[in-house]
Amino acid sequence: MANLTISNRSAADTPGDALVVALVPGDGGATLAPGHGLPRKTVSHLKSVVADLELAGKVGEVTTLAAVPEVTAKLVVLVGVGALSGDAADLEDLRKGIGGAIRSLNKKKKVAVVVPGTSVEIVSAVAEGVALGAYAVSKAGTTSTDAVDAVALVGPADASSRKAVKRAAALGEAVAYTRDLVNLPPNLLYPETFVDSLADRIKGTKVKLKSYDMKALRAGGFGGTVGVGQGSANDPRIAVLSYAPSRPKASIAFVGKGITFDSGGLCIKPANGMLTMKCDMAGAAAVAGAVLAIAELGLPIAVTGYLGLAENMPSSTAQRPSDVVTMRGGKTVEVLNTDAEGRMVLGDCIALASESKPDAIVDIATLTGAQVVALANTAAVMGNDDAFRARVVEAAASVGEAVWPMPLPQELRPALESINADLAHKGGVEGGMLTAGIFLSEFVGEGIPWSHLDIAGPAFNDKAPTGYWPKGGTGFGVRTLVGIAESYV
């Protein structure tokens, strides 16, 4: 993650390769955002450029200039950030605009960004845009490199602003790790190496790691996880990350789907359907990133992350449609389609998480194609408690991640009836996103508020980079999970 600082020094005199200046929509075109702190000659020149180029100040509009008068930086980058009202939607536009500008400066050593305002909310949004945009996808088998090495924010440097920058840096580092995991090819990231990566990552932190290998999974009654992973040469794992501060104000369990590659099993996917299936562990990666960020920020919230890790492959040992397995906690499930495997590892992990009786459980998963069809890049959130679901939606909105609340209609529950087991593991075509949520609800301990985040759409960007999203893993969900923890502080 790029080194991120804030100071109130002169923007014109801040050394570096580039200076980023925000534009906002004005009457008939763009105008310089407030708080630029630039010399009059520089401002006059920039205003002329904006008028001559007919810039509008729309989010994502990036214009690079050279040789700007009285500016030390070699380049000045004008970036549209939309309105600066301070509401949640406009703050997200600010993140996207700044993030896109930083992403466009790939390989620059030092960059300065003028903060277009003095409120903590604006400082925080700018810092987060920088932290999320300053990421470059790594080549296979290497650690990600930063798009830029160091970013200096030019703006208020009071204690609240410095705290906001520190938080943004922690989030950026956590999201970068999540993206790295998602982007790794499946021959390098499989359950065992996923656990190895976690063990290496938690060194020097207050996070602890426990893992269950195949022998422990069988002994512990984790039939869903064993069944999904038994067709692969790479055995499944469950990894448990825990952060336990003294006198926590609440305890939360995060559960993540970690299918490191999904071929569909014996119900094999079409070839094109497998092209992005290395990302089917994005939920588990988000949980890992969130637990690390919460520990880094020292939040007074006890958090335990349960990562269900398996590789879903076809072989002579793979589970079959119509197999009946016994899940953690004793419920039996009839497997109808081996390509609906994520809910099986999640069910085991939710049952395990419930045994500790946390104040709440949130699971996050690239679970259903139905979510993508229904909501595209907006995640879905369901749950057994309306108030807790509203808390999750509010947390997501506060950090700029788009989620949409969805119901769990009990009239769909009969679709999960089986004559051979306690549950069939999926319903019909209708309401597939919702019946998946209903299935998961069966493993939540009595009286525990629970929400399910289906992030199949926003977890992976297979199109061109946009805003602070690179191509590939986006790290979606990390900030929402951290926001949920922060809502208890």
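**Exercise 1. Thr 42 and its surroundings**

Decide whether Thr 42 is buried or exposed, then work out what surrounds it.

*Solution.* Start with the accessible area: Thr 42 has a relative value of 0%. Buried means under 20%, so Thr 42 is buried. Keep in mind that we are working with a predicted model.

Next, place the residue: Thr 42 belongs to helix H1, which covers residues 40-53. Now look for contacts beyond four places in sequence, and you will find Val 68, Pro 69, Glu 70 and Val 71. Finally, check the polar side: the side chain of Thr 42 reaches the backbone oxygen of Pro 69 at 2.6 Å.

**Exercise 2. Two positive phi angles**

Find where Glu 70 and Ala 376 lie, and give the phi angle of each.

*Solution.* Take Glu 70, which we met above as a contact of Thr 42. Glu 70 sits in the loop between strand S4 (62-66) and strand S5 (75-80). Its phi is near 65°, a positive value in a residue other than glycine. With a relative accessible area of 46%, Glu 70 is partly exposed.

Then turn to Ala 376, in the loop between helix H10 (369-375) and strand S15 (379-383). Here phi is near 55°, again positive in a residue that is not glycine. Ala 376 is partly exposed, at 42% relative accessible area.

**Exercise 3. The annotated positions**

Which residues does UniProt mark as "active site", and what does each one touch?

*Solution.* The unreviewed UniProt entry places this feature at Lys 269 and Arg 343.

Begin with Lys 269, located in the loop between strand S10 (251-262) and helix H8 (282-297). Its relative accessibility is 17%, so Lys 269 counts as buried. Setting aside residues up to four places away in sequence, Lys 269 touches Asp 262, Ser 263, Gly 264, Met 274, Met 277 and Asp 339. Two of these names deserve a closer look. The side chains of Lys 269 and Asp 262 make a polar contact at 3.5 Å. Asp 339 forms a salt bridge with Lys 269, with the closest N and O atoms 3.0 Å apart. That pair links distant parts of the chain, 70 residues apart, with Asp 339 in the loop between S13 and H9. Asp 339 itself is partly exposed, at 25%.

Continue with Arg 343, in helix H9 (residues 342-354). Arg 343 is buried, with a relative accessible area of 5%. Its contacts beyond four places in sequence include Leu 367, Thr 368, His 425 and Phe 439.

**Exercise 4. A sheet and a salt bridge**

Work out the strand order of the sheet that holds S12, S13 and S17, then find which residue meets Lys 331 in a salt bridge.

*Solution.* The 3 strands run in the order S12-S13-S17 in an open sheet of mixed pairing. S12 (324-326) and S17 (423-424) stand at the edges with a single partner strand each, so one side of each lacks a neighbour in the sheet. S12 pairs with S13 (residues 332-334) in the antiparallel sense over 3 bridges, and Thr 326 stands opposite Thr 332 in S13.

Now for Lys 331: its side chain meets that of Glu 442 in a salt bridge (3.2 Å, N to O). Lys 331 is in the loop between S12 and S13, and Glu 442 in the loop between helix H12 (432-441) and strand S18 (450-454), so the pair ties together parts 111 residues apart in sequence. Lys 331 is partly exposed at 28%, and Glu 442 is partly exposed at 22%.

Conventions:
Residues are numbered from 1 along each chain as its sequence is written. This is a predicted model: local features need pLDDT of at least 70, side-chain atom pairs count only at pLDDT 80 or more; totals for chains, interfaces and linings use all residues. Side-chain values use heavy atoms; hydrogens and water are left out. Two strands pair if DSSP finds at least two bridges between them. Helices (H or I, at least four residues) and strands (E, at least two) are DSSP runs, numbered from the N terminus. Buried means under 20% relative accessible area, exposed over 50%, partly exposed in between (1.4 Å probe, protein chains only). A polar contact is a pair of N or O atoms within 3.5 Å; within protein, one must be able to donate a hydrogen and the other to accept it, and residues adjacent in sequence count only if both atoms are side-chain atoms. Contact means heavy atoms within 4.5 Å. UniProt positions are given in the numbering used here, feature names are shortened, and annotations may be inferred rather than shown by experiment. A salt bridge is a side-chain nitrogen of Lys or Arg within 4 Å of a carboxyl oxygen of Asp or Glu.
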